[in-house]
Amino acid sequence: MLPARKDWREFCQQLLLSNMYQRPDMLTNPGVDPQGQALDPRKIQDNFEDFYEDLFEELSKYGQIESLDICDNLADHMVGNVYVRFREEEHAQAALQNFTGRFYAGRPIIVDFSPLTDFREATCRQYEENVCNRGGYCNFMHLKKISRELRRRLFGRNK
Ligand SMILES: [Zn+2]
């Protein structure tokens with residue numbers, strides 16, 4: 001079956017930035033830093049929200065952002081993946097062009113259009129209800145939440 005026109009548009013409005021968010025515990029075990037100390041969950045969250053806001057501001061230069069989602073999964077193909085959907089496909093295109101070949105925190109940015117259209121199908125519902133017991137290796141996307149304050153600050157203008 002050929003994709004409907006709507007799917008094609010969504011395809012072009014959305015970018016995937018692969019492995020961009022680095023969990024502080026990604027090289028050790030979940031919740032433990034490289035020195036073997038337990039990480040304070042609030043510090044992980046603060047660190048995450050700083051990254052989220054920074055990236056949001058950077059991407060906003062190219063157009064209005066409809067959604068910005070970051071995977072908390074640990075499996076290689078999902079770890080640190082960032083999905084950003086722009087309101088206009090031209091803006092996604094501009095962001096793609098400007099991010100290609102750039103570096104973030106000393107690592108090259110890997111960015112491309114994303115074919116993932118149905119987030120509801122791919123997202124872990126248990127994680128959203130805080131009851132997923134498969135942790136970082138769950139096969140469904142664990143989209144890390146941001147605080148209500150940050151959401152209002154970043155998206156409040158549009159929503
Ligand atoms: Zn899950």
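**Exercise 1. Place Arg148 in the chain and state whether it is buried or exposed.**

Step 1. Arg148 lies in helix H6. Helices (H or I, at least four residues) and strands (E, at least two) are DSSP runs, numbered from the N terminus.

Step 2. Arg148 has a relative accessible area of 66% and is therefore exposed. The cut-offs are under 20% relative accessible area for buried, over 50% for exposed, and partly exposed in between, with a 1.4 Å probe and protein chains only.

Step 3. The C-alpha atoms of Arg148 and Leu116 are separated by 26 Å. Along the chain these two residues are 32 residues apart.

A note on the model: it is predicted, so local features need pLDDT of at least 70, side-chain atom pairs count only at pLDDT 80 or more, and totals for chains, interfaces and linings use all residues. Residues are numbered from 1 along each chain as its sequence is written, and side-chain values use heavy atoms, with hydrogens and water left out.

**Exercise 2. Sort the residues of H6 into a buried side and an exposed side.**

Step 1. List the buried residues. In H6 (residues 148-155) they are Leu150, Leu154 and Phe155.

Step 2. Look around the axis. These residues cover an arc of only 100°, which puts them on the same side of H6. The arc is that of the directions from the helix axis to the C-beta atoms.

Step 3. Recall the geometry. An α-helix has 3.6 residues a turn, so residues three or four places apart point the same way.

Step 4. Turn to the other face. Arg148, Glu149 and Arg152 are the exposed residues on the face turned away from the buried side of H6.

Step 5. Find the cover. Helix H2 (41-60) and E2 are included in what covers the buried residues of H6. Contact means heavy atoms within 4.5 Å.

**Exercise 3. Describe the surroundings of Ser67.**

Step 1. Ser67 is found in strand E2 (residues 65-70).

Step 2. Its relative accessibility is 15%, so Ser67 counts as buried.

Step 3. Leave out residues up to four places away in sequence. Ser67 then touches Tyr83, Val84, Arg85 and Phe155. Phe155 is also one of the buried residues of H6.

**Exercise 4. Which residues of H3 are buried, and what does Ala92 touch?**

Step 1. In helix H3 (residues 89-99), the buried residues are Glu89, Ala92, Ala95, Leu96 and Phe99.

Step 2. Seen down the axis of H3, they fall within an arc of 120°, so they line one face of the helix.

Step 3. Take Ala92, in helix H3. With 0% relative accessibility, Ala92 counts as buried.

Step 4. Set aside neighbours within four places in sequence. Ala92 is in contact with Cys12, Gln13, Leu15, Phe86 and Phe113.

Step 5. Add a distance. Ala92 and Asp112 are 20 residues apart along the chain, and their C-alpha atoms are separated by 9.7 Å.

Step 6. Go past the helix end. Just after H3, Gly101 takes a positive phi of about 85°.

**Exercise 5. Compare the settings of Asn19, Asn130 and Thr28.**

Step 1. Asn19 is found in the loop between strand E1 (14-18) and H2. Asn19 is not a glycine, yet has a positive phi of about 50°. With a relative accessible area of 25%, Asn19 is partly exposed.

Step 2. Asn130 sits in the loop between helix H5 (125-128) and H6. Its phi is near 60°, a positive value in a residue other than glycine. At 65% relative accessibility, Asn130 counts as exposed.

Step 3. Thr28 is found in the loop between E1 and H2. Thr28 is partly exposed, with a relative accessible area of 29%. Leaving aside neighbours within four places in sequence, Thr28 is in contact with Asp33 and Pro34. The C-alpha atoms of Thr28 and Gly136 are separated by 13 Å, with their positions 108 residues apart along the chain given as the spacing.

**Exercise 6. Summarise the whole chain.**

Step 1. Count the elements: 6 helices and 6 strands. From the N terminus on, they run α-β-α-β-β-α-β-β-β-α-α-α.

Step 2. Check the compactness. The radius of gyration is 16 Å, close to the 15 Å from the globule rule for 159 residues, so the chain is as compact as a globular protein of that length. The radius is taken over C-alpha atoms, and the rule is 2.2 Å times the number of residues to the power 0.38.

Step 3. Gauge the burial. Of the 159 residues, 41% count as buried.
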